[in-house]
Amino acid sequence: MTEHPVSALEADAEERRLEAALRPRHLDEFVGQQRVREQLDLMLAAARLRGRTADHVLLSGPPGLGKTTLAMIVAAEMNAPLRLSSGPAIQNAGDLAAILSSLTEGEVLFLDEIHRMSRPAEEMLYMAMEDFRVDIVVGKGAGATSIPLELPPFTLVGATTRAGLLPGPLRDRFGFTGHLEFYAEEELERVLRRSSALLDMRVDSDGYRQIASRSRGTPRIANRLLRRVRDWALVKGLDTVDAGAASDALTMYEVDARGLDRLDRGVLTALCTVFGGGPVGLTTLATAVGEEAETVETVAEPFLIREGMVARTPRGRVALPAAWEHLGLTAPEVAPG
Ligand SMILES: Nc1ncnc2c1ncn2[C@@H]1O[C@H](COP(=O)(O)OP(=O)(O)OP(=O)(O)O)[C@@H](O)[C@H]1O
Ligand SMILES: [Mg+2]
């Protein structure tokens, strides 16, 4: 099995396959996100009662919180076929036209990473979303003509990790926008209970709590840690995972009590011990850890910032008191710099 560093936010092909098995299929199995779930439930129920296609749905939020899962649920709840594509796969308007013109009535079109679609495709999408119509341009230059094409009503479900990057006109054309938040530990415990039942493994309540508290508010990570604990239990011949076993297993995989992994701790340690708590530039910090600047910035930093351990300042990265405390170090008397 492939190893995933816990802080890798994205899932690779093998993990996506494993995730598919744990994915809730219906809204009532989807844990947490109560407001989004209730609003979506109401909207889909109303569409079903009217016998109409549901409004377009935009889902935003950090990786691993359930955007793809919800998109699939929308199709399942509407009993509609689902078509999957993504912003990066749509290079030009023609690619989008090909997808749109082959949709069937009521179909759910899921566009992942919709903020990465090309500009011309985006403009074609405006019209398709609003009027269920596209203009297909045939020919080039002065002889080019555009042929209008009627589309069957469909539901677009767009997902983005960066709602801020979506142009206003696109955002405005979604009838429903749901922003997914990080999960509370109690919700992650419920995700874990559900997953462990599917994986046929036994975990006691303290065991769940232990795994949930290291999962960074993210179901993808909770499921990933659960699989590691499951390997551990299998090899150690444990029948039931308790808090001690979960903690030992995750410590062996270098996931600490707050969910920091080796990379996160490497960054913190370098920041505090090599650079006295900063401020230090990203590239310099990354070099000290032996990582690419981009990895430090996109993989480790967002979590460290969210945990209140690191701050980005105009002069560079600085360690906050929680960082020193977590490493068991004493912060220098005078604020650095
Ligand atoms: N609310 C939830 N209840 C139960 N499981 C969940 C929930 N949300 C997510 N999961 C699980 O977490 C994993 C990741 O979810 P999903 O693929 O939907 O995330 P995503 O937001 O689309 O991430 P990305 O931005 O990387 O595409 C899946 O295996 C899914 O089963
Ligand atoms: Mg996804």
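In the predicted model, Ala-222 touches Leu-188, Val-191, Leu-192, Ile-211, Ala-212 and Ser-215, residues up to four places away in sequence being left out of the count. Ala-222 also belongs to the largest nonpolar core, which has 59 residues. Within this core, Ala-222 is one of five residues that touch the most other members, together with Val-74, Val-157, Ile-211 and Val-229. At least three residues of the core come from domain 1 (33–179), and at least three come from domain 2 (185–252). A second core, separate from this one, contains 19 residues, among them Leu-271, Val-299, Leu-304 and Ala-323.

The protein chain as a whole is divided into three parts: domain 1 (33–179), domain 2 (185–252) and domain 3 (262–327). The centres of domain 1 and domain 3, taken over C-alpha atoms, are separated by 38 Å. The C-alpha trace of the protein chain spans about 70 × 50 × 35 Å along its principal axes. The secondary structure of the chain consists of 14 helices and eleven strands. Of the 337 residues in the protein chain, 36% are buried. When contacts between residues at least 6 apart in sequence are considered, 69% of them join residues at least 24 apart.

An unreviewed UniProt entry lists residues 53–186 under "domain: AAA+ ATPase". In the model, this span is 30% helix and 27% strand, and its end C-alpha atoms lie 35 Å apart. Strand S2 (residues 82–86) and strand S3 (residues 108–112) run parallel and are joined by five bridges. The chain passes from S2 to S3 through helix H4 (residues 93–101), forming a right-handed β-α-β crossover. Across the pair, Ser-85 stands opposite Leu-111 in S3.

Helix H10 covers residues 243–252. Its buried residues are Ala-245, Ala-246, Ser-247, Ala-249 and Leu-250. These buried residues pack against two helices, H8 (205–212) and H9 (219–236), and against strand S9 (240–241). An α-helix has 3.6 residues a turn, so residues three or four places apart point the same way. Just after H10, the backbone at Glu-254 takes a positive phi of about 65°.

Attention now turns to two annotated arginine residues. The feature "binding site" is placed by UniProt, in an unreviewed entry, at Arg-312 and Arg-317. Arg-312 is found in strand S10 (residues 310–313), whereas Arg-317 is found in strand S11 (residues 316–319). Arg-312 is classed as partly exposed because 13 other C-beta atoms lie within 10 Å, a count that falls between the limit of 12 or fewer for an exposed residue and that of 20 or more for a buried one. Arg-317 is buried, because 26 other C-beta atoms lie within 10 Å.

The contacts of the two residues can be listed on the same basis, with residues up to four places away in sequence not counted. Arg-312 touches Ile-305 and Arg-317. Arg-317 touches Leu-271, Gly-278, Pro-279, Val-280, Leu-282, Leu-285, Val-310 and Arg-312. The two annotated residues are therefore in contact with each other, since Arg-317 is named among the residues that Arg-312 touches, contact being defined by C-beta atoms within 7 Å. Leu-271, one of the residues touched by Arg-317, is included in the second nonpolar core.

Terms used. Residues numbered from 1 in each chain as written. Chains lettered and ligands numbered in written order. Predicted model: local features only at pLDDT ≥ 70, side-chain atom pairs only at ≥ 80, totals over all residues. Helix = DSSP H or I, 4+ residues; strand = E, 2+ residues; numbered from the N terminus. Pairing = 2+ DSSP bridges. Right-handed = clockwise from strand over helix to strand, strands pointing away. UniProt positions renumbered as here; feature names shortened; annotations may be inferred. Core = buried A, V, L, I, M, F, W, Y, C linked by C-beta atoms within 7 Å. Domains from an automatic or database assignment.
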